[in-house]
Amino acid sequence: MKIKNFIITFVSAIALLLSTTTISLAKVVGDKIILGAAVSLTGKYSTNGEHTKNGYNFAVDRINSMGGIKVGGKTYKFDIIYYDDESNSGRAAQLAERLIKQDGVQYMLGPYSSGLTKAIAPVTEENKIPMVEANGASRSLFTKGYKYLFAVLSAANQYLEVAIDLAVEKNGGKPIKIAMAFEQDAFSQDVRIGVVDAAKRTGSKITIDDKLPKELNDMAATLAKVKATKPDVLVVSGHSKGALTAIRQIAEMKVDVKMLAMTHCDASKLAKQHGKNSEYALCAAQWHKTLSYKDKFFGDGIKYDKEFKAEFGYAPPYQAAESSAALLVWKDAFERANSLDKDKVRDALSKTDMQTFYGNIKFSPAGQNIAKPMVLFQVRCEGDKCENKVVAPTKWAAAELVHPIPKWSDR
Amino acid sequence: MPPLIGGIFFMDLLIFQAPILMVQASLDGILLGILFALIAYGMALQWGVMNIINIAQGELVIMGGYIAYFMYMTGIHPGFGIIVSPIIMFFVGWGLYKLVINKVVDRDLFISILATFGISILTQQLMNFIFGSDVVVAQSNFGTTMLFDGMVTLPNAKIFAAIVSIVFAIGLVAYMRKSKLGRAIRATAQNARAAKILGVDTEKVYAATFGINAALCGVAGSLIAITFTLHPYVGLPYTVRSFMIVIVAGLGNLPGVALSGMGLGVFEEFADYILGTEFRIGSVFMLLVFILVYRRFKLSRKREYLK
């Protein structure tokens, strides 16, 4: 009897709980359109999670203060429910579930990093909730046939293709020798695929193809091989740790290559941390403030940079810029759909074709942004002050590419 | 040609075509190994004395590194970290002992592993909270030593790290032999109960041992700040590596720790050239398995003989 009573109480408690949560189910509260986001505010991605959140908030405030979103003759404002995913993919998936099932969120924003986006995408997909994400670049996000995922940034395999093309161009169109060192994680391996494709396309030869273990702090062996084989281009990608380790050891071992192409130079504050040793490193980035894209909310990159700095006290990295762009995409889609119905908004999202301060945005059927090229910048120093200067695409180049890199003995 | 076979074939050729790479690999491995051996020294010491496997070893190293980094940020040369860091870390270790470790010291190994695992998570989050989750480096500007016409390069920071490690290791051995506390530590390691009966304050000995271990980690950490990179979450590889070095050397075998540290370092570098970078860490673990199986085999033969 006791057990039966207990079960009845238990079941009714759950029923009660469920009924209250269905009451709180709401995608729009008053004049507010509620978006949901799980962002890393603690754990190993907390720095970039913070950039993501600041980027989202900056755009929300801007859109709200400039007239909000007009849907069906009524004006709405954006509001975001945040949860901290602790930089943990399991937690991120749980929180996405919670945002959708308990908080009734019908429109999602992405988390920080490819790994966490990969954890959340199956949840939003299953519940048919559209998600505009700004920080998941992994190629595998766009090969699974997701219908509700839209990424404003370029995919990881596009990061360094441009660099290989540039090196071939500088070599008079002739094939080159490439040495590569990539960390063994999803993102870096995607970057590697792009480089391998570019090598095939240009007929270039890959002489070293090292896969760096995640635990590795030391690239000395790879660099000794590079020194011995003298390739034209050295490509390194392994997040901030890889970028900082590579520059430190290239300088220590005096490795001379004609071109050094990397990722994560800005995330690791390479120019600041390594100063002159990082000079001439060529870096792929999603965005740079000097690009001349425009929109009516933020003006252009320079203006965005200035106003973001005034609000948050630091210069916006591209993680913040692309996060802000995600909100512009949402606003545009709501107004074109002229409806709050999530499926109509999803269809409007898929037809997005717009320019933002961050770049042009147009989605492929897989949800990948195909309208925005990657930019390459080179670290350049004047005295002891080192800065990132855009060198490609040439349309936006603020400085001429230095190629080949001067030898260590001449520096 | 499949990439794996191609890779092996090519790298094989490279290291034999350019034998100078063998010199580079050996020197790199030895320098790397000496630094790891210093961390393993601390682990061997407290493992031997207190029978505790310290999972938070790597976090203590990183914490020591952040102390040197903090000095670097305030304009002091990070090289001085090797003096400041061990002093601070000694008290951190002492405090940790008084707070947590003394409650698990005579319990079974599993409890101590859990406790130190907890400490490791806590310190990671704490360092993340204080220093942020960015990867950071401290610049020593020590320059580079070139050998064989620039074919072999040795970063002076790594040479500095190796020399400092050796000095501290020798200092530790001398201290253990000559000082009163050193004798007390050795006595406690041999038989804690007997030492207690003979008037050794084992509680104090344990606290000092854990403090010395943390101090050694502090030295190693400040060397890592100028040779590698720092990040709140990169402690684990240092724990695992020092654990391996101690396993290979055997407990209570301090010269063995130095040798096994260097041996594993050189083995790892050669594995990188011959098998490829992706097999580097895996091959070290394979070697560990091989050594453990071999040891067991040898022991069982001995046991049979005794029967």
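This is a walk through a predicted model of two chains, A and B, taking each chain in turn and then the place where they touch.

Let us start with chain A, whose secondary structure comes to 12 helices and 18 strands. Its radius of gyration is 23 Å, close to the 22 Å that the globule rule gives for 411 residues, so chain A is as compact as a globular protein of that length. If you lay a box along the principal axes, the C-alpha atoms of chain A fill roughly 80 × 55 × 40 Å. Buried residues account for 53% of the 411 residues in this chain. Among the contacts in chain A between residues at least 6 apart in sequence, 68% join residues at least 24 apart.

While you are in chain A, a few backbone details deserve a visit. Most residues other than glycine have a negative phi, and most peptide bonds are trans. With that in mind, look at the segment after strand S18 (385-392) of chain A, where A:Pro393 lies. The peptide bond from A:Ala392 to A:Pro393 is cis, with omega near -5 degrees. The segment after S18 of chain A also holds A:Pro404, and a cis peptide bond with omega of about -10 degrees joins A:His403 to A:Pro404.

Two residues of chain A stand out for their phi. A:Lys230 is not a glycine, yet its phi is positive, at about 50 degrees. You will find A:Lys230 in the loop between helix H7 (220-229) and strand S10 (233-237) of chain A. Is A:Lys230 buried or exposed? It falls in between: because A:Lys230 has 13 other C-beta atoms within 10 Å, it is partly exposed. A:Asn338 is also not a glycine and has a positive phi of about 50 degrees. Its loop is the one between helix H11 (318-337) and helix H12 (342-350) of chain A. With 14 C-beta neighbours inside 10 Å, A:Asn338 counts as partly exposed.

Now turn to chain B, which has 12 helices and 2 strands. Reading from the N terminus, its elements run α-α-α-α-α-β-β-α-α-α-α-α-α-α. For 307 residues, a compact globule would have a radius of gyration near 19 Å, and the 21 Å of chain B agrees with this. Along the principal axes, the C-alpha atoms of chain B fill a box of roughly 65 × 65 × 35 Å. Of the 307 residues in chain B, 48% count as buried. Residues 24 or more positions apart account for 76% of the contacts in chain B with a separation of 6 or more.

A good guide to the packing in chain B is helix H9 (residues 202-227). H9(B) has 26 residues and reaches 37 Å from its first C-alpha to its last, close to the 38 Å expected at 1.5 Å a residue. This helix is mostly covered, with 24 of its 26 residues buried.

How does H9(B) lie against helix H6 (residues 156-178) of chain B? The two axes come within 9 Å and cross at roughly 170 degrees, and therefore H6(B) and H9(B) are roughly antiparallel to each other. From H6(B), the contact takes B:Ala157, B:Lys158, B:Ala161, B:Val164 and B:Phe168, while H9(B) provides B:Leu216, B:Val219, B:Leu223, B:Ile226 and B:Thr227. By type, the residues of this contact divide into 8 nonpolar, 1 polar and 1 charged.

H9(B) also packs with helix H7 (residues 180-190) of chain B, at an angle of about 105 degrees and with the axes 10 Å apart. H7(B) and H9(B) are therefore roughly perpendicular to each other. Here B:Leu181, B:Ala184, B:Ile185 and B:Thr188 in H7(B) meet B:Thr202, B:Val205, B:Ala208 and B:Thr209 in H9(B). The residues of the contact between H7(B) and H9(B) divide into 5 nonpolar, 3 polar and no charged.

Finally, let us bring the chains together. Their contact takes 33 residues from chain B and 30 residues from chain A. On the side of chain B that touches chain A, the elements that give two or more residues are helix H1 (3-17), helix H2 (20-50), strand S2 (152-155), helix H11 (254-275) and helix H12 (280-306) of chain B. The largest share of that side, 5 residues, comes from H2(B). Sorted by type, the residues of the side of chain B that touches chain A are 15 nonpolar, 12 polar and 6 charged.

Key:
Residues are numbered from 1 along each chain as its sequence is written. Chains are lettered from A and ligands numbered from 1 in the order in which they are written. This is a predicted model: local features need pLDDT of at least 70, side-chain atom pairs count only at pLDDT 80 or more; totals for chains, interfaces and linings use all residues. Two residues are in contact if their C-beta atoms, placed from the backbone, lie within 7 Å. Helices (H or I, at least four residues) and strands (E, at least two) are DSSP runs, numbered from the N terminus. Ala, Val, Leu, Ile, Met, Phe, Trp, Tyr, Cys and Pro count as nonpolar, Asp, Glu, Lys and Arg as charged, and the others, Gly among them, as polar. The expected span of a helix is 1.5 Å times one less than its number of residues. A residue is buried if 20 or more other C-beta atoms lie within 10 Å of its own, exposed if 12 or fewer, and partly exposed in between; C-beta atoms are placed from the backbone. Axes are lines fitted to C-alpha atoms, for helices over the stretch in contact, and angles run from 0 to 180 degrees between N-to-C directions. Angles under 35 degrees count as roughly parallel, over 145 as roughly antiparallel, 65 to 115 as roughly perpendicular and the rest as oblique. The radius of gyration is taken over C-alpha atoms; the globule rule is 2.2 Å times the number of residues to the power 0.38.
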